[in-house]
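Biologist: I am new to this structure and would like to go through it with you slowly. Could we take the reasons behind each label in turn?

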Amino acid sequence: MMHAFPGGAPALDFAGTLRYRHRSEPREDLSSPESLGVWFRESGIAEHEIPCEATDLRTALALREAVHQLILARMAGAAYDPDALALVNAHAREPTPVPQLGATGRHVEASLEQAFAAVARDAVAVLGGPDAALLKECGNPECSQVYIDRSRGARREWCAMDPCGNKIKAAAYRARKRMSGQKTG
């Protein structure tokens, strides 16, 4: 898989395609129109890669940033940015992909507009539903992935164990060993 999906919802994972937002140079996972088409396939929104153009990628990045702004506002208990809200709602009004059942099982064909609508509607569902209270940002200081914490007692600290949880746990282990004067080798 080319993309990561630790958020627990397509809208969170879509917003997370700009990885490590806290760094001076974040990593762009949607670096080309092709990577956008791959993301839609890997996310399950579409069964096949959706052909995308450069203008489609610009639309996707605008939608991603709008979703991200709304997520941060919801987590902070702040008012939504009106432009971000209008953009997400405009996409959410469009038709979404419709799964069909065939002789070989489930089949989903999606246009780009339907794929954008699926992401926007998922953002509406997450931010306007009970999962909004479960939103957390990864505890790795370099990671900026937001996820839904459905763990018992809401004690999850990382977007995923690999790599974030493992990285933090290994650093804590090494620090404990240094404090006790043991080799970590």
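Biologist: What makes the charged end of Arg19 count as sitting over the ring of Tyr20?

Modeller: In this predicted model, the charged end of Arg19 is 5.3 Å from the centre of the Tyr20 ring, and a charge is said to sit over a ring if, among other conditions, that distance is within 6 Å. Arg23 also lies over the face of Tyr20, at 4.1 Å from the ring centre.

Biologist: Why is the pair of Phe14 and Trp39 called edge-to-face?

Modeller: The ring centres of Phe14 and Trp39 are 5.0 Å apart and their planes stand at 65°; rings pair within 6.5 Å, and planes over 60 degrees apart count as edge-to-face, so the pair earns that name. Because Phe14 belongs to helix 1 and Trp39 to helix 2, the pair ties together parts that are 25 residues apart in sequence.

Biologist: What makes the rings of Phe40 and Phe116 an edge-to-face pair?

Modeller: Their centres lie 5.8 Å apart with the planes at 70°, and since the cut-off for the angle is over 60 degrees, the rings of Phe40 and Phe116 are edge-to-face. Phe40 is in helix 2 and Phe116 in helix 5, so this pair ties together parts that are 76 residues apart in sequence.

Biologist: How do you know whether Phe40 is buried or exposed?

Modeller: Buried means under 20% relative accessible area, and Phe40, at 0%, therefore counts as buried. Phe116 has a relative accessible area of 4%, so Phe116 is buried by that reasoning too.

Definitions and conventions:
Residues are numbered from 1 along each chain as its sequence is written. This is a predicted model: local features need pLDDT of at least 70, side-chain atom pairs count only at pLDDT 80 or more; totals for chains, interfaces and linings use all residues. Side-chain values use heavy atoms; hydrogens and water are left out. Rings of Phe, Tyr and Trp (its six-membered ring) pair if their centres lie within 6.5 Å; planes under 30 degrees apart count as stacked, over 60 as edge-to-face and the rest as tilted. Helices (H or I, at least four residues) and strands (E, at least two) are DSSP runs, numbered from the N terminus. Buried means under 20% relative accessible area, exposed over 50%, partly exposed in between (1.4 Å probe, protein chains only). A charge sits over a ring if NZ of Lys or CZ of Arg is within 6 Å of the ring centre and within 35 degrees of the ring normal.
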